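Subject: Structure handover

Hello,

Here is the structure for you to take over. Please open it alongside this message.

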Amino acid sequence: MHFYRPLRPLAALTFDLDDTLYDNRPVIKQAEQQSIAFLQNYHPGLSHFQSVDFYRLRQELREQEPEIYHDVTQWRWRAVHLALSRQGLRDAQATIGADAAMQNFALWRSCIEIPETTHTTLQALARHYPLVAITNGNVDPALCGLAGYFQFVLRSGPDGRAKPYQDMYQLAAQRLAMAPEQILHVGDDLTTDVAGALRAGLQACWINDRQRSLMQADDSRLLPHIEISQLASLTALLS
């Protein structure tokens, strides 16, 4: 555990989800593969549909609506709807198909192996602090066994613009009825988690589990209060 700034007294912790509490990379890879397979089987015109085609549709939508990326679930739904519409499906039919595709995606998106150390660490912390999840992603903590640790979950889109924008950080402080500086945000991303939290007035903990150099990282904007290499190190805050 490395300290770069004096740590002020804590009253709550907020957590990023993907790649902070678990390794998100294999989950996303599998979910994307299954999503493409679903579309290939759903309509004959999409039998040769590939990830690159889906990426082009998403980029097309973002060019038309630059702010659509704040809600990744809606962005994905719209891309599927567009793919089906271009196969000649009417709006109602494309909506049914997009809904079905998103249900399939949600199933695979939540097939996450949560490390036991994550469970034990969150259990220990939750006995002393209220915990909140703040995510730009679309994983459902209730489907992967994490929901019970959090007072509430904030998601970009429904709950404000994506991190590093301050919306969800400020909303977390408001809902906790605390000053932002009483909250420690924990995350793996130096831009969305560290810089975003600090600019919103929170304290920040960077999980550096890939042995990166803070002083050489291209995405380093502001120094966190703490750097740790594993989530379990947070239990030192209880001593």
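Below are notes on the largest pocket and then on the salt bridges.

Please keep in mind that this is a predicted model.

The pocket

The largest pocket holds about 520 Å³ of space. Its lining is made up of 24 residues, and those closest to the centre are Asp18, Asn24, Val72, Asn136 and Gly137. By type, the lining divides into eleven charged, seven nonpolar and six polar residues.

Several helices take part in this lining. At least two residues come from each of helix H1 (25-42), helix H3 (72-85), helix H4 (91-109) and helix H7 (190-199). The largest share belongs to H3, which supplies three residues.

The salt bridges

Side chains of opposite charge can pair when their charged atoms come close. A search of the whole structure gives ten salt bridges. Three of them are described here, beginning with a pair that links distant parts of the chain.

In that pair, lysine 163 meets aspartate 16, with 3.0 Å between the closest N and O atoms. The two residues are 147 residues apart. Lysine 163 sits in the loop between strand S4 (152-155) and helix H6 (167-176), while aspartate 16 sits in the loop between strand S2 (12-15) and H1.

Are the two partners buried or exposed? The cut-off for buried is under 20% relative accessible area. Lysine 163 has a relative accessible area of 5%, so this residue is buried. Aspartate 16 is at 7%, and therefore also counts as buried. The pair does not stand alone: Asp16, Lys163 and Asp193 are linked in a network of salt bridges.

Next is the salt bridge between arginine 25 and aspartate 23, where the closest N and O atoms are 3.0 Å apart. Aspartate 23 is partly exposed, its relative accessible area being 37%.

Finally, aspartate 167 and arginine 161 form a salt bridge through their side chains, at 3.0 Å from N to O. How accessible are these two, and which class does each fall into? Aspartate 167 has a relative accessible area of 23% and is partly exposed. Arginine 161, at 36% relative accessibility, also counts as partly exposed.

If you look at one place in the model to begin with, the salt bridge between lysine 163 and aspartate 16 can serve as a starting point. From there, Asp193 can be found in the network that links it with Asp16 and Lys163.

Regards

Methods:
Residues are numbered from 1 along each chain as its sequence is written. This is a predicted model: local features need pLDDT of at least 70, side-chain atom pairs count only at pLDDT 80 or more; totals for chains, interfaces and linings use all residues. Side-chain values use heavy atoms; hydrogens and water are left out. On a 1 Å grid over the protein atoms alone, a cavity is a set of points where a 1.4 Å probe fits but cannot get out, and a pocket is an open set with protein on both sides within 12 Å along at least five of seven lines; lining residues have an atom within 4 Å of a point. Grid points are joined across faces, edges and corners, and a volume is the space filled by probe spheres set on the points. Helices (H or I, at least four residues) and strands (E, at least two) are DSSP runs, numbered from the N terminus. Ala, Val, Leu, Ile, Met, Phe, Trp, Tyr, Cys and Pro count as nonpolar, Asp, Glu, Lys and Arg as charged, and the others, Gly among them, as polar. A salt bridge is a side-chain nitrogen of Lys or Arg within 4 Å of a carboxyl oxygen of Asp or Glu. Buried means under 20% relative accessible area, exposed over 50%, partly exposed in between (1.4 Å probe, protein chains only).
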